[in-house]
Amino acid sequence: MAKAAGVGMGTVSRVINDSGYVGKETRQRVQAAIESLSFKPNFIASGMRSNRLRSIGVIVSDITNPMFATIVQKAQQILLENDYQLFLGVTNDDPALEAQLFQTLEHQGVSGIMATLNDDSSPQTAALIESLGVPVVLLNRALVHGRATVVASEQETGCREAVDHLVEQGHRRIGLLITDQTTLPGRERHSAITTALARHRLASPPELIATVRHDVSSGYQAMAKLMTLETRPSAVVVGSNRALIGALDYLRQNHLHYPQDVSIIGFDETDVTRLLSPAITIVNRDYGALTTTAVDLLLQRINKPLRTTETVLQPTWLEKRESVGKMADQACT
């Protein structure tokens, strides 16, 4: 390769790895030699020399969650296009396993890690991430007790549009099924929705707020809590795509219908929101764009390490469908 291009091995390495200065004419000669020889770089050998493999660790909590499955599929596509391999770690919401995966991936020589944490409010998790010797990008998570590079959804817009839509349709008693304060989306959705309600001079009393996990059973139980109140809500916002399935199952089993008996707004597009009839109104975001941004940012950090951290926000928006009904005039007082 070097002989064909008339350059040294160091110059070839800089062109292949896009590191260090190479003149335009020289770079073109090396690239022409690569194409003419159908050269495929030996990334394993290259990784052995640098003690880092051309691989990225991706850590998620639940691969059965459609959101995380989308993230992993998109990340693998982008990484393969950039000649990186993906090593997947699934924590099953186990903090000890999550910590072990971070350490194992670093010891195995990955070049960087992208993660959606079980609990981004944990001081121990923050200390672990800050101690790692490889770049880390958090997806839809942000350390409460530390600093990290973050790619996340901006929740305020979509949540405000959801509340505005419900109020425009006459709803005043609005329930909220929300994940707890251990992850960024739970904290920001709770804050954004209660702030939007306050703008309309509406309260969010404790009996109308139920905490859910990212699973079906907690959505079922939380919906049961709200719908068995003496004065139940006329609308419910469900802040988890898995909890939404449980909430809808509660309605089905108790012969209740949306939007006739209660209006529903969910979060994130899934097969459920796409296929159900009536169609579910959702606060949506582009997970493909989120993942692309996160992976691109991680690759940049690998190629040009930086000590600083940054936060990149992606938009959310409301998609109005059929699961929100208009309240009768007498219910609007």
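How many cavities of 30 Å³ or more does a search of the whole structure find? There are two, and they turn up in a predicted model. As for confidence, the protein chain has a mean pLDDT of 87, with 86% of its residues at 70 or more. One stretch to treat with some care is residues 329-333, where the pLDDT is below 50; beyond near neighbours in sequence, this stretch makes four contacts in the model.

Starting with the largest cavity, the space inside comes to about 80 Å³. Its lining counts 14 residues, and Met67, Pro185, Arg189, His214 and Arg285 are the closest to the centre. Sorted by class, the lining of this cavity holds seven polar, four charged and three nonpolar residues.

The second largest cavity offers about 40 Å³ of space. Who lines it? The residues are Ile174, Gly175, Leu176, Ile193, Leu197, Ser204, Ile209 and Val237. Two elements each give two or more residues to this lining, namely β6 (174-179) and α9 (184-199). Of these, β6 supplies the largest share, with three residues. The class count for the second largest cavity reads six nonpolar and two polar, with no charged residues.

Helix α9 deserves a closer look. It runs for 16 residues and spans 22 Å from its first C-alpha to its last, close to the 22 Å expected at 1.5 Å a residue. Buried positions in α9 are Leu184, Pro185, Gly186, Arg187, Arg189, Ala192, Ile193, Thr194, Ala196 and Leu197. Pro185 and Arg189, then, are buried residues of α9 and also sit among those closest to the centre of the largest cavity. Ile193 and Leu197, likewise buried in α9, belong to the lining of the second largest cavity. The cover over the buried residues of α9 includes the strands β5 (149-153), β6, β8 (235-238) and β9 (263-267), along with the helix α8 (155-168). Just past the end of α9, Arg201 adopts a positive phi of about 60°.

Turning to open sites, the second largest pocket contains about 370 Å³ of space. Its lining is made up of 18 residues, and those nearest the centre are Asp93, Asn118, Thr182, Arg213 and His214. His214 thus shows up near the centre of this pocket as well as in the group closest to the centre of the largest cavity. By class, the pocket lining has seven charged, seven polar and four nonpolar residues.

How values were computed
Residues numbered from 1 in each chain as written. Predicted model: local features only at pLDDT ≥ 70, side-chain atom pairs only at ≥ 80, totals over all residues. Heavy atoms only, no water. 1 Å grid on protein atoms, 1.4 Å probe; cavity = no way out; pocket = protein on both sides within 12 Å on 5 of 7 lines; lining within 4 Å. Points joined across faces, edges and corners; volume = space filled by probe spheres on them. Nonpolar A, V, L, I, M, F, W, Y, C, P; charged D, E, K, R; others polar. Helix = DSSP H or I, 4+ residues; strand = E, 2+ residues; numbered from the N terminus. Expected span 1.5 Å × (residues − 1). Buried < 20%, exposed > 50% of the residue type's maximum accessible area, 1.4 Å probe, protein only. Contact = heavy atoms within 4.5 Å. pLDDT = per-residue confidence, 0-100.
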